[in-house]
Amino acid sequence: MADSIAATSLVGYRPLCRGFSVKDASCKRRSSGNCRVLGSEFTGRKLVALSPRLLGWKVDRLVVTSIKALAMELTKETYSFREEEERIPRTWGYQADTGVDRKPGLWPPENRADNASLNNPLLRQERMGCGWLGAIFEWEGVIIEDNPDLEKQAWLALSEEEGKSPPPAFLLRRIEGMKNEQAMSEVLCWSRDPAELRRMATRKEEIYQALQGGIYRLRSGSKEFVNVLMHYKIPMALISTRPRKTLESAIGSIGIEGYFSAIVAAEDVHRGKPDPEMFIYAAQLLKFIPERCIVFGNSNQTVEAAHDVRMKCVAVASKHPVYELSAADLVVRHLDELSVVDLKNLADIESPEFGSLEPEMELEEEENRSTAVGVDDIFW
């Protein structure tokens with residue numbers, strides 16, 4: 001091995017007749033200046049000189065010895081590296097889930113819904129199944145009928161009272177789903193004083209309730225669907241940017257009190273949509289991980305906020321047409337079009353907890369595109 005490396009290592013050095021002292025057949029030293037660059041080729045593991053003038057020459061022993069020493073060092077380094085690899089223990093045994101992230105690529109994949117602290121194996125198995133899920137409902141446009149014109153009139157009336165310029169239509173569309181304080185400070189830029197923002201937000205709600213008249217109407221199919229979820233004991237949460245007092249009185253007036261395990265109102269969060277703070281807090285109250293929560297909303301802001309925290313989203317086409325809500329996981333016109341089987345199938349989709357397939361799909365599309373271009377080029 002050392003001799004072979006020594007022979008092949010000559011290629012990396014300068015030519016034999018340039019820079020080394022050589023001897024001819026008469027054992028007289030010649031200067032290397034009279035030598036020319038010689039051509040050579042490999043035959044198997046030996047270096048064969050093409051010029052017949054080298055037949056009687058011998059490389060100086062010191063040079064050969066240094067090359068062999070270098071080759072031996074390289075050989076020792078190679079074998080020492082292999083020995084270090086063999087010393088590394090390779091254990092392929094599976095261990096119990098301890099809550100610590102495991103290395104990717106092992107099977108079965110990690111399930112974030114699993115809870116190793118549960119002593120009951122049946123409860124643990126139920127958590128890992130697709131039936132373990134929670135539902136988060138928006139209030140307006142999903143449970144009850146929404147009237148966006150009243151919201152617009154309330155903002156215009158408030159701006160007139162406060163002596164502010166009336167917000168244009170594109171700003172009104174932008175602040176949909178936001179808290180009143182958030183819209184006034186970040187989008188409308190009416191004030192930065194927290195006390196002033198709370199005062200104007202309270203006044204805006206008073207104007208809205210006066211225009212609305214305290215009349216709430218359930219959307220078609222909403223109560224039936226909520227009753228189905230109650231029958232299957234699926235926990236539900238209700239979220240809204242309205243004040244809690246207004247929300248609770250409205251729930252009592254339409255007769256659905258006791259249906260929701262948790263209610264998230266304006267006082268419970270700092271920001272509204274598209275920030276997912278409301279959805280995260282609702283999932284915490286339901287004691288579910290975000291990957292096992294399904295959000296029911298009626299706008300693209302809801303879809304964006306739900307997907308940001310890896311929640312599934314069902315869009316209800318109450319305010320926008322169906323084609324504008326295509327980013328959602330499911331789109332329906334009324335909630336009674338859904339069944340519990342639909343929700344379980346939606347929860348059973350391989351979510352980011354089992355690895356996302358989106359990058360692979362994108363690569364396949366690119367490969368298909370390049371193949372199509374190549375075929376066209378060949379055809380023409």
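**Close-ups around helix H8 and the cores**

**View 1. What sits over helix H8 in this predicted model.** The cover on the buried residues of H8 includes three strands, E5 (134-138), E6 (236-239) and E8 (293-297), along with helix H12 (340-348). The helix itself runs over residues 222-231, and its buried residues are Ser222, Phe225, Val226 and Leu229. Look down the H8 axis and these buried residues fall within an arc of 100°, so they line one face of the helix. Just past the end of H8, Lys233 takes a positive phi of about 60°.

**View 2. The largest nonpolar core, with its 32 residues.** Phe137, Trp139, Ile143, Leu229, Leu238 and Phe296 are the members that touch the most others. At least two residues each come from E5, H8, E6, helix H9 (244-253), E8, strand E9 (312-316) and H12. H12 chips in the most, with four residues.

**View 3. Leu238 and its contacts.** Which residues does Leu238 contact once neighbours within four places in sequence are left aside? They are Phe137, Glu138, Trp139, Ile143, Leu247, Ile251, Phe260, Ala262, Ile263 and Val264. Apart from the largest core lies another one, of 26 residues, and Met278, Val303, Ala305 and Ala306 are among them.

**View 4. Zooming back out to the whole protein.** There are 13 helices and 10 strands here, and buried residues account for 35% of the 380 residues. Of the contacts between residues at least 6 apart in sequence, 63% join residues at least 24 apart. The accessible surface is about 23900 Å², with 53% of that belonging to carbon and sulfur atoms.

Conventions:
Residues are numbered from 1 along each chain as its sequence is written. This is a predicted model: local features need pLDDT of at least 70, side-chain atom pairs count only at pLDDT 80 or more; totals for chains, interfaces and linings use all residues. Side-chain values use heavy atoms; hydrogens and water are left out. Buried means under 20% relative accessible area, exposed over 50%, partly exposed in between (1.4 Å probe, protein chains only). The arc is that of the directions from the helix axis to the C-beta atoms. Contact means heavy atoms within 4.5 Å. A nonpolar core is a set of buried Ala, Val, Leu, Ile, Met, Phe, Trp, Tyr and Cys residues joined through side-chain atoms within 4.5 Å. Accessible areas come from the Shrake-Rupley method with a 1.4 Å probe; for residues, only the protein chains shown count as cover.
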